[in-house]
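Thanks for coming, everyone. Let me put the structure up, and then we'll go through the two ligands and some helices.

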Amino acid sequence: MRQGFPIARPGMRIGILGGSFDPAHSGHALITREALRRFSLDQVWWMISPGNPLKRAGPAPMAQRIAQAAQVIQDPRVVITDIEARIGTRFTADTLAHLQAIYPGVRFVWLMGADNLVQFDQWDHWRDIMDRVPVGILARPGWRMRGRTARAARIYAQFELPARAAHALGDMQTPAWSFVNIPMSPLSSSAIRAQGIWPRR
Ligand SMILES: Nc1ncnc2c1ncn2[C@@H]1O[C@H](COP(=O)(O)OP(=O)(O)OP(=O)(O)O)[C@@H](O)[C@H]1O
Ligand SMILES: O=C(O)c1ccc[n+]([C@@H]2O[C@H](COP(=O)([O-])O)[C@@H](O)[C@H]2O)c1
């Protein structure tokens, strides 16, 4: 965990994996390593959300989620950050606007699992997100087909970058998105919570 705002130089390609991370698990680590490789990213920031605007139940306290995330991944290319809470945003479109203002010249790529693509068209100002940054989608068990046929995917079909060219995603003019098939993990935070081992008391 870097205190304050992470350091980034102009020209860097940085993937933002926003999430509840309630708790972080090895599925997050897997998609992060794949995103780094497939989208040729310099870093991925695990942006621990103050709370998903579409989820009714609030997550475990931020400090607990950050500490757990730091146990799940130790990679110099991965930064765990509460930047969204610091900025005071929880809608992704707002957050990305702030990040681009704070870090001019940094090439941000929004990352998400295929499950989020399915409801992406319900996010606040989702088309602004498409206009602002390239979007990298990582396959998730049970969600590949639904992701591919999601409303957002259909509306932006002409802007899809084929997976074989995904390494160039960060340099693309927006809108641009790419869906990559990767080795998949069935893990989910909800399954871990259902086991009653999280949140820790
Ligand atoms: N196993 C996985 N495969 C692919 N993507 C994943 C996986 N786990 C999480 N993600 C993605 O990581 C991001 C953050 O996910 P989140 O922290 O909500 O975890 P989750 O396991 O999806 O949680 P929950 O089960 O509570 O919805 C989201 O974009 C989600 O799609
Ligand atoms: O901006 C929105 O309307 C919006 C709606 C749903 C989810 N998000 C973001 O999507 C990311 C993934 O959320 P989650 O809860 O699936 O981990 C996280 O950064 C959320 O803030 C954002």
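Ligand 1 has 19 residues around it, and the closest are Gly19, Gly27, Gly113, Ser189 and Ser190. A residue counts as near a molecule if its C-beta atom, placed from the backbone, lies within 6 Å of it. A word on the source: this is a predicted model, where local features need pLDDT of at least 70, side-chain atom pairs count only at pLDDT 80 or more, and totals for chains, interfaces and linings use all residues. Residues are numbered from 1 along each chain as its sequence is written, while chains are lettered from A and ligands numbered from 1 in the order in which they are written.

Which elements supply at least two residues each to the shell around ligand 1? They are strand S1 (13–19), helix H1 (26–38), strand S4 (107–113), helix H5 (114–118) and helix H9 (189–194). Helices (H or I, at least four residues) and strands (E, at least two) are DSSP runs, numbered from the N terminus. H1 gives the most, with three residues. By class, this shell has six nonpolar, ten polar and three charged residues. Nonpolar here covers Ala, Val, Leu, Ile, Met, Phe, Trp, Tyr, Cys and Pro; charged covers Asp, Glu, Lys and Arg; the others, Gly among them, are polar.

Now ligand 2. It is surrounded by 16 residues, the closest being Gly18, Gly19, Asn52, Trp123 and Asp124. S1 and helix H4 (92–102) are the elements that give two or more residues to this shell. The split is six nonpolar, seven polar and three charged.

Back to H1. Its 13 residues should span 18 Å at 1.5 Å a residue, and the end C-alpha atoms are indeed 18 Å apart. The expected span is 1.5 Å times one less than the number of residues. Gly27, His28, Ile31, Thr32 and Ala35 are the buried residues of H1. Buried means 20 or more other C-beta atoms within 10 Å of the residue's own; exposed means 12 or fewer; partly exposed is in between. The buried residues of H1 fall within an arc of 135° seen down the axis, so they line one face of the helix. That arc is taken from the directions from the helix axis to the C-beta atoms. Why does spacing matter? An α-helix has 3.6 residues a turn, so residues three or four places apart point the same way. The buried face of H1 packs against S1, strand S2 (43–48), helix H2 (62–72), strand S3 (78–81), S4 and strand S5 (135–138). Contact means C-beta atoms within 7 Å.

Look at Arg38, also in H1. Is Arg38 buried, exposed or partly exposed? It has 19 C-beta neighbours inside 10 Å, so Arg38 counts as partly exposed. Leaving out residues up to four places away in sequence, Arg38 touches Ala166, His167 and Val180. Arg38 and Ala166 are 128 residues apart in sequence, yet 6.2 Å apart C-alpha to C-alpha. Just after H1, Ser40 takes a positive phi of about 50°.

Next, H2. Arg65, Gln68 and Ala69 are its buried residues. Their arc is only 105°, which puts them on the same side of H2. They pack against S2 and S3. On the other side, Ala63 and Gln71 are exposed.

Last, H4. Here Thr92, Thr95, Leu96 and Leu99 are buried. They cover an arc of only 95°, so they sit on the same side of H4.

Methods:
Contact = placed C-beta atoms within 7 Å.
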